[in-house]
Amino acid sequence: MLRTLALLVPVWLLIAWICTGCWDRREIVDVAIVMITGVDEGQKPGTYRVHAHVAEPIQLGGPGEAGSAQTKKEPVTHLVTEGRNIDEARAKAERMLSRDIITSHRRVYLIGESAARKGMKDILDQISRNPMNRLSTLLVIAENTKAEKLMDTKVPLETFDVELFREFGLRKMRLPTSIKDYFIAATTPGQQPLAASFAKSKENKIMMSGIAIFRDHKLEGFIKGKEAIALSGMLGGKMGGSITIRIPQVKGDLSIHLDRLQLRRNVTILKGEPEFTFEVRAFGRVLDNRTNLDLSNPSIIQKINKASSEELEHTFKSLFHRLQKQFRADTTGMGTMIYKKHPGYWKRIEKDWPQMYPDQTIKWQVRTEITGVGSIGAPLFIPDNEVEK
Amino acid sequence: MKGLSSWQLYSLLLLFLLGTSVVFGIASSAKQDAWITAFISTFLGAALLWLYSKLYASHADLNWSGLLMKSFGQLIGSVLCLIYVFIFIYSAGRDLRDIGELTNTFLLPKTPIGVTMVLFQMLVSYTCFAGVERMGRLAELNIPIVFVIFLLEVILLVASGTIHLSLLTPIAAEWKPILTAAFPGNFTVPYSEAFAFAAFWSKMKPPGGFRKAAIRSCATAGFIFIVLDILAIGSIGPELFSRSFFPLMTTFHLVNIADFIQNIDPFIVTAFLIGVLFKITIFTYAACSMISDLWKVNAGSAVIPVSVIVFLFAFYMTESLSSHLFTGHEWAVWVVFMPFFVISPFLSLFVIKLKQWLA
Amino acid sequence: MEQFAEELKRTLGSMPDLIFRSAGSSLIVYMAGLADQQRIEREIVDPLTDNKHTGPSVITTPSVQLTDSYQQTVQSILSGMAAVAMRGQDQVLLANVAAYPDRGVPEPHVETSILGPQEAFSENLDTNVALIRRITKSEKLRMKVWHYGSVAHTEVRLLYFDQVAQDELVQEMSQRLDRVHLEDAFGSNYIAESIKDRPLSLFPTVQKTERPDVVANALMKGKVAVAVNNTPIVLLFPFTFWNAFETVEDIYLSYSSATFLRWIRSVFILSALLLPSLYVAITTFHNEMLPTNLLLSIAASREASPFPAFVEAFIMESIFEAMREAIVRMPRVLVQAVSVVGALVIGQAIVQAGIVSIPMIIVVSITGIASLMIPHYETTFAIRILRILLLLMAGGFGFFGIALGLFFTQVYLTGLRSAGMPYLAPVAPMLWKMLKKLIIRQPFERS
């Protein structure tokens, strides 16, 4: 009897299988793959405008084709909807497509500056709740433009726009700018999140413009230029730029490219007040020598070290000035330092920290080391008698 | 060849203990100190299992049903046996619901949860039907797979560069959440659930071997839990760890190697299925075993009715994932696990020892 | 004596190949074709005609037997012996002058080897056993004999090494062979099915081989062999799951090559089982798992195809299986033609017509190649059938279905036994010493 019952199992399975119609079966051709989403403020106040790029595989070349050499057009469809919140906009988008939207390949979430300034809270939950979304999606801000315009700009060298954002975020800058980082920063006591920001350059190309600073889920402002390099170095990212230094009594200036930053931060509680000490060791190379100095001379290198340390310290101080006084956002996690090192003390001052933060002073100890000057010492085009040794 | 070898028993116990805990993570309420909780509860769990083996050793030829009757008398013992049957069925149903919810969330969102659970329960019935020896062999087959997957998980996470150990600080800032998470939380689940083995331990191995296997599997499971907790907290941070329903799933979601291996959650869920399968199978078999001891029928013939009841329990237990998790973490601990898996065996041992001393 | 002749004529019928020859005062009966006529002339007829006094000792045939059983005489004539009836004697002399037509020692055509011996069994049981004896000159080799079938009267021998094979194993197999009742046992498969542990099981529990070196090797390891007359296949017991992963080439290759091949083989066999189901599961249920670029290329190829992935898989699998079977059955000369047709039809035309997408072709081809790597022919059927079942489960329930299918298989496998030995040993139950032999091909001990 039991044998027959056992044989019935596969039969039952077969029946169940046939009757089901396989609820979850979703052919690739029934799926719309969202590559990137951009969020702006909508035309009516209180609404959001959501713009999504959906990949079109057909344009990539079907079976038997070698793939066309000139894909002038980016193989995506654009989908624009508006709604009172992100999910409503998404629902409207679903009604416009013949396929199911899946966001599991969406790598970048672009938020326009004005929408970010209004507040990020309403945008954020939708991303994390649905298990289809990835926590490693990059969150970036479009500075000075609407996200829409930024997304529609054609990008050189890549098939999809989204690649540009990703490569910057992951390979070139290595900023902690994914959604996961945002959440972690937002929930760690004493830290505020940040994100990478992109802008449109004058030649209509997308450019990475700086770092967006948030406070209490609202965009406060941007850190640019040298300060952005310094900040990104502090947070463990790659520093993507160079600083220009002058050496006293020398004509011309040099450009130093900073490779990496070793940061040691320390906080001690003295007399009930925190004292911060930051030790920075920066490593860089001289990439452009617009002076007549002979860089093969170690004492000159020492002078350069000293000058760059001063320049770097100056940059850091102005960075923190901006962060503390202008934005009042504890982006670098000074509060977190206290929390981790002196949790008892942190408990007491936790509520007052936002007021205490702008008044904190940091003792800087910056040391720069030039590890390389390229392959030549003095510039090659200067006659020997003009080179300063 | 009657009975299980020590490696088989060890594998069976280990897979059972890993069971649902690798899905839900250990002690997520302790946030970044969850791994300390895991560490503490390993010792607590080992002590509990040592207690169980002492209970076993008092009458080496009896299962829990026999022991109940010895401690509390024929009549009360039988009634208690019946209650235990339902307790085991409830536990099996709970775990079945766990796997149903997990599959529903990550693998097959649109498939009705009933279908998923029915299929899984059929597999469980088939396994129960096969008997203890074959279960042992099945455990042996799957243990290398689980070890390899565990290693892969560690390697993949580390290689993705997602781990920042600084997220584990401040270490042990507050002791209260750590301790409350350890007792009764992590202590009962999963270690006290190993009591299900009591229903049929005489078929498996004599008490000495049982104790050795139990302590060893406890240590291994504890180690795995600690490592997984550290990995999870280091990747997603303490807040996300405590708020996520399935923290370890969220962690593995982050694995991204060279943009090539990514989004591996279906694979990880499949790996979890192994542990959960064993948990539900042991509970179901425990229920069948108690029934077979009570009414002198073959354990195999009780499988089908028991499975049906397990499925019904799992299906109608709670309406949503949230209430299921709440029931599991709060209610079940005090109403089910503590009294039946901790206090009762304690009491029983006490009574037996008393009777022996008086005699 | 005339009576004798008449009896014989009545039993066997007056067949043209039943020869009656008188020599002197004796009558010789034999079957032309089965008995060596030259030898009969030389060893029986000549001495009998030459010699003045007749008697059994005159005959120079080395193997002779005296009998007074009529049944045995008939059987012997049918087996190629010559029956000599002498005047005045009650008993009949049976002289073994059998010379069966057979193939000699052929080359193996199923289990080929590059570096090993190129001998295989033929249909003659004595020759086969002789081949085995030639390889292992051990005095421990023992045989037990059975005869089955009143029509075929097939001889079956159980070979084993005394004290090397476990006594229980020999006992068990003997008992099973005792219990076999077959009217006509034409081949080793009939015997195999009768003595298998679970004849209806999907997985093979007996090893069938055509090579004497494999048998000799197995005997030395303690297995038992069952040799059946008229079949060039010898059965070996017991056979575990892991034996299916070993080839005969393993012992003829160096240690590292053999181990490397063994691992690659395992990986490919696993993929032969799982690849189509994984492909269907990932592309239909879990597209998040693919890297985005790969997903887009697959999507691009699949845009043109009208069938769902799962149906495509089925179509391609069926075509591939059909091709495989056809190539085995067809006459040798047509193989070239069919492979061309196959490549053209399946490869080019189907894809360009847009019926099946390219990734599917790739998946099926790799699966096909992988399944050809399975050294044990019967296991391939188990794998193929399982593959289709897993495909069904994957089509319905994605990864969950595959996992479920694999678990069902595992539970099923734990219950199988081969000649009493658990099918999955040494992994389950875990026998640590034997485990090492499984994972690597151990280097031979240097003396």
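Two strands count as paired if DSSP finds at least two bridges between them. Keep that cut-off handy for these exercises on a predicted model.

**Exercise 1.** Work out how E3(C) and E5(C) pair, and over how many bridges.

*Solution.* Start with the residue ranges: E3 of chain C spans 64–67, and E5 of chain C covers residues 92–95. Next, count: the two share four bridges, in the antiparallel sense. The cut-off is at least two bridges. For one facing couple, look at Leu66(C), which sits opposite Leu93(C) of E5(C).

**Exercise 2.** Place that pair in its sheet: what is the strand order in chain C, and which strands stand at the edges?

*Solution.* First, trace the order: the five strands run E1-E2-E4-E5-E3 in an open, antiparallel sheet. Then check the ends. E1 (18–23) and E3 (64–67) of chain C each have a single partner strand, so each has one side without a neighbour in the sheet. Now for the twist: ignoring direction, neighbouring strands are turned by 25° against each other on average. Finally, add the helix: H3 of chain C (residues 70–78) lies across E2, E3, E4 and E5, at about 55° to E2(C).

**Exercise 3.** Take apart the contact between chains B and C: how many residues does each chain bring, and which helix of chain B gives the largest share of its side?

*Solution.* Begin with the totals: 27 residues from chain B and 22 from chain C. On the chain B side, H1, H5, H6, H7 and H11 each supply at least two residues. H6(B) has the largest share, with six residues. Last, sort that side by character: 14 nonpolar, nine polar and four charged residues.

Definitions and conventions: Residues are numbered from 1 along each chain as its sequence is written. Chains are lettered from A and ligands numbered from 1 in the order in which they are written. This is a predicted model: local features need pLDDT of at least 70, side-chain atom pairs count only at pLDDT 80 or more; totals for chains, interfaces and linings use all residues. Two residues are in contact if their C-beta atoms, placed from the backbone, lie within 7 Å. Ala, Val, Leu, Ile, Met, Phe, Trp, Tyr, Cys and Pro count as nonpolar, Asp, Glu, Lys and Arg as charged, and the others, Gly among them, as polar. Axes are lines fitted to C-alpha atoms, for helices over the stretch in contact, and angles run from 0 to 180 degrees between N-to-C directions.
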